[in-house]
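These are my notebook entries on a single protein chain. I record here what I looked up, entry by entry.

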Amino acid sequence: MSVVENSKLTIVGAGSVGASAAYAALIRGSARQIALYDIATKKVDAEVLDLAHGTQFTGSSQIMGGSDISVVKGSHVVVITAGAKQNPGQTRIELADVNARILGSMMPQLMEVAPDAIYVIVTNPCDVLTVLAQEQSGLPPERIFASGTVLDTSRLRWKLAARAGVSPSSVHASIVGEHGDSEFPLWSRATIGGVPVLEWEREGHPRMTQAELDEIAIGVRDAAYKVIEGKGATNYAIGLSTAHIVEAIFGDKHSIMPVAPVLTDFHGLSGVALSVPCIVSASGATPIKETAFSEREMRLLTESATTLRGVADSLRPKSGQR
């Protein structure tokens, strides 16, 4: 892509996800300047040095970073990946308490040095943390949102494309709801080359059944667990999907993707961050309220909202507590 002049991206957290996001942004030229911030000085310095050694091959992007919060100053986009990682067998929701405390301590510091940035939260459970961070920061919902199910959607399109015998770019299907166990595909709107997914067929690729689609959806939902069990973390694909989101912001692309801002009267849902189709541009993320859902999909979306709202409520200080 063409790098936006004077654009600065900061990635908070130099773990496997943060480092992979920085690497993806660097080689894709997602921003003019990329900064990596982490309180672990030796780790972040080593990651920045390793990335910097490859800048001969990455065009005009620059990499910098360190453990001083001033590294974040002047950022146009801040991606937050810092937090405890998901262990084998652990759900994203089980990370909520520790990562809410980590994010709660960081947000005031980040807002002080980058008050005008757009914030993208990748740390899990990203949708729950987005609600808490938006309340704490006071940012308008379009300027602080979770990476949501952009990666889950990529996983879905990859599996459907392989089954249908086409390129993933020819598959139009999305995962919505929680970035987690209650997520689901919008099958009612899914098409392959403009053909409804259940009607697609070609030589060697017979029509899919609803049972097969359900099996594909379960595979997408559980994909992260499989990767974590085998290698300890998911990092490459989330790094690439994060760079994709960042590019939509810097390029003012008005791309449609299922990120998760805090919703206001989205089909009656408010005060919860859910992944729904949004327009992502230089202004941030704006939900597409005209998105149509089947009766079953609306019920699943509401159930997902109820689950996430309950987790967020459990993490807020009780009356009288500080």
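Is Ile 11 buried or exposed? I noted first that the model is a predicted one. I then looked up the relative accessibility of Ile 11 and found 1%. The cut-off for buried is under 20% relative accessible area, so Ile 11 counts as buried.

**Entry: surroundings of Ile 11**

I placed Ile 11 in strand E1, which covers residues 8–12. I then listed its contacts, setting aside residues up to four places away in sequence. Ile 11 touches Gly 18, Ala 21 and Ala 22, then Ile 34, Ala 35, Leu 36 and Tyr 37, and also Val 79 and Thr 81. I also checked Gly 65, which is 54 residues from Ile 11 along the chain. The C-alpha atoms of Ile 11 and Gly 65 are separated by 9.2 Å.

**Entry: the chain as a whole**

I counted 9 helices and 14 strands in the protein chain. Its radius of gyration is 19 Å, and the globule rule gives 20 Å for 322 residues; the two values are close, so the chain is as compact as a globular protein of that length. Along its principal axes, I found that the C-alpha trace spans about 55 × 55 × 35 Å.

I next looked up burial and found that buried residues make up 52% of the 322 residues. For contacts with a separation of 6 or more, I noted that 69% are between residues 24 or more positions apart. The accessible surface comes to about 14,400 Å², and carbon and sulfur atoms account for 53% of that surface. I then tallied the charged side chains and obtained 28 positive and 33 negative. The centres of these two sets lie 2 Å apart.

**Entry: Thr 130**

I located Thr 130 in helix H4. Its relative accessible area is 0%, so Thr 130 is buried. Which residues does Thr 130 contact, leaving aside its neighbours within four places in sequence? I found Ile 121, Ile 144, Phe 145, Ala 146, Ala 260, Val 262 and Ala 273.

**Entry: Arg 163**

I found Arg 163 in helix H5, residues 150–164. What does the side chain of Arg 163 reach at 3.5 Å? I identified the partner as the backbone oxygen of Arg 207. Beyond its neighbours within four places in sequence, Arg 163 is in contact with Arg 207 as well as His 205, Pro 206, Met 208 and Glu 212.

**Entry: backbone geometry**

I kept in mind that most residues other than glycine have a negative phi, and that most peptide bonds are trans. I then looked for departures from this pattern.

Which residues does a cis peptide bond join? I found such a bond between Asn 124 and Pro 125, with omega at about -5°. Pro 125 is in the loop between strand E5 (118–121) and helix H4 (126–137).

I recorded a positive phi, near 50°, for Asp 252. Asp 252 lies in the loop between helix H8 (236–250) and strand E12 (255–257). At 38% relative accessibility, Asp 252 counts as partly exposed.

I also recorded a positive phi of about 50° for Asp 265, which is not a glycine. I placed Asp 265 in the loop between E12 and strand E13 (278–281).

Conventions
Residues numbered from 1 in each chain as written. Predicted model: local features only at pLDDT ≥ 70, side-chain atom pairs only at ≥ 80, totals over all residues. Heavy atoms only, no water. Helix = DSSP H or I, 4+ residues; strand = E, 2+ residues; numbered from the N terminus. Polar contact = N/O pair within 3.5 Å; in protein donor to acceptor, adjacent residues only side chain to side chain. Contact = heavy atoms within 4.5 Å. Rg over C-alpha atoms; globule rule 2.2 N^0.38 Å. Buried < 20%, exposed > 50% of the residue type's maximum accessible area, 1.4 Å probe, protein only. Areas by Shrake-Rupley, 256 points an atom, 1.4 Å probe, with all protein chains shown as cover. Lys, Arg positive; Asp, Glu negative; His and termini not counted. Charge placed at Lys NZ, Arg CZ, Asp CG, Glu CD.
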